[in-house]
Amino acid sequence: MWPITRTAFDIEISELTTDSDEITEAAKTAIQNGLTEFFYDREPSGQVGYTVLPPKKDVVSQMEVGGIVSRIAAGYNGSIGSISISTGGVDVEVYPLQEGEKAKLGTLTWN
C-alpha cells in the first residue's frame, strides 16, 4: 500500500472577459470552485480489476481543465484567452497520477 500524497497543479488563465467587473469576479469564484472539485475528484491509478470505465479519473490534462474553465466562463457569458497548467515548475499537457498520488489545485493566476 502506498501513502497518499497530493500533487499541486498551478493554473494560469489569461484574458477572462465578461460583461462587467462584477460578473468577472463571480466567474472567477465559480472557476476556482470548479477546478478545486475537479482536482479532488482525480484518483490515483492502480484500479482493481481489468477494466477502467470512462470517464478516466487518474489523469490530469490541459484539455479537461480547459473544458471546465471554458464551460464555466460561458455560463457567465464570458470567454478566456488561454490556460496553462504546471506542477513543480514543469508545464503539463497530460499527467497520469501514480499509485498513492492524488491531485489538488495549487496557485490560480489570472492574467
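This is a stop-by-stop tour of a predicted model, with selections to make in the viewer at each stop.

**Stop 1: the strands**

Select residues 5-14, which make up strand β1, and residues 82-87, which make up strand β3. The two run antiparallel and are joined by 5 bridges. To see one position on this pairing, pick Asp10, which stands opposite Ser86 in β3.

Keep Ser86 selected and add residues 90-91, strand β4. β4 runs antiparallel to β3, with 2 bridges between them. On this side, Ser86 has Asp91 as its bridge partner. Ser86 can therefore be viewed with a partner in β1, Asp10, and with a partner in β4, Asp91.

Now move to the turn that connects β3 and β4. The two strands form a hairpin with 2 residues between them. Select Gly88 in that turn and check its backbone torsions: phi is positive, at about 60 degrees.

**Stop 2: the two helices**

Show α1 (21-41) and α2 (residues 62-75). The helices pack at an angle of about 145 degrees, and their axes are 9 Å apart. The crossing of α1 past α2 is right-handed.

For the contact between them, select Ala27, Ala30, Ile31, Gly34, Leu35, Phe38 and Phe39 on the α1 side. On the α2 side, select Glu64, Val65, Ile68, Val69 and Ile72. Three of these residues come back at later stops: Glu64 in a salt bridge, and Phe38 and Phe39 in an aromatic pair.

**Stop 3: the salt bridges**

How many salt bridges are there to look for? The count is 3.

Begin inside α1 with Lys28 and Glu25. Their closest N and O atoms are 3.7 Å apart, and the two residues form a salt bridge. Lys28 and Glu25 are 3 residues apart in helix α1, so about one helical turn separates them. Lys28 has a relative accessibility of 21% and so counts as partly exposed, the cut-off for buried being under 20%. Glu25, at 46%, is also partly exposed.

Next select Arg42. Its side chain meets that of Asp41 in a salt bridge, 3.6 Å from N to O. A further salt bridge joins the side chains of Arg42 and Glu64, at 3.8 Å from N to O. This second pair links distant parts of the chain, with Arg42 in the loop between α1 and β2, Glu64 in helix α2, and their positions 22 residues apart. Through shared partners, the salt bridges join Asp41, Arg42 and Glu64 into one network.

Is Arg42 buried or exposed? Its relative accessibility is 6%, so Arg42 counts as buried. The acidic partners are partly exposed: Asp41 has a relative accessibility of 32%, and Glu64 has 30%.

**Stop 4: Asp58**

Stay with Asp41 and add Asp58, which lies in the loop between α1 and β2 (59-61). Draw a distance between the C-alpha atoms of Asp58 and Asp41: the separation is 9.2 Å, for residues 17 apart along the chain. Asp58 has 7% relative accessibility, so it counts as buried.

**Stop 5: the aromatic rings**

A search of the whole structure finds 3 aromatic pairs. Select Phe9 and Tyr95. Their ring centres are 5.1 Å apart and the planes meet at 85 degrees, so the pair is edge-to-face. Phe9 is in strand β1 and Tyr95 in strand β5 (residues 94-96), a link between distant parts of the chain, 86 residues apart.

The two rings differ in burial class. Phe9 has 0% relative accessibility and so counts as buried, whereas Tyr95, at 22%, counts as partly exposed.

Then select Phe38 and Phe39. This aromatic pair is also edge-to-face, with 5.2 Å from centre to centre and 70 degrees between the planes. Both residues are buried, and both are among the α1 residues that meet α2.

Finally, display Phe9, Phe38, Phe39 and Tyr95 together. Ring pairs link these four residues into a cluster. With the helices still shown, the cluster can be followed from β1 and β5, which hold Phe9 and Tyr95, to the α1 residues Phe38 and Phe39.

Definitions and conventions: Residues numbered from 1 in each chain as written. Predicted model: local features only at pLDDT ≥ 70, side-chain atom pairs only at ≥ 80, totals over all residues. Heavy atoms only, no water. Pairing = 2+ DSSP bridges. Helix = DSSP H or I, 4+ residues; strand = E, 2+ residues; numbered from the N terminus. Buried < 20%, exposed > 50% of the residue type's maximum accessible area, 1.4 Å probe, protein only. Salt bridge = Lys/Arg side-chain N within 4 Å of Asp/Glu carboxyl O. Phe/Tyr/Trp six-rings, centres within 6.5 Å; stacked < 30°, edge-to-face > 60°. Axes fitted to C-alpha atoms, helices over the stretch in contact; angles between N-to-C directions. Left-handed = near helix turned anticlockwise from the far one by under 90°. Contact = heavy atoms within 4.5 Å.
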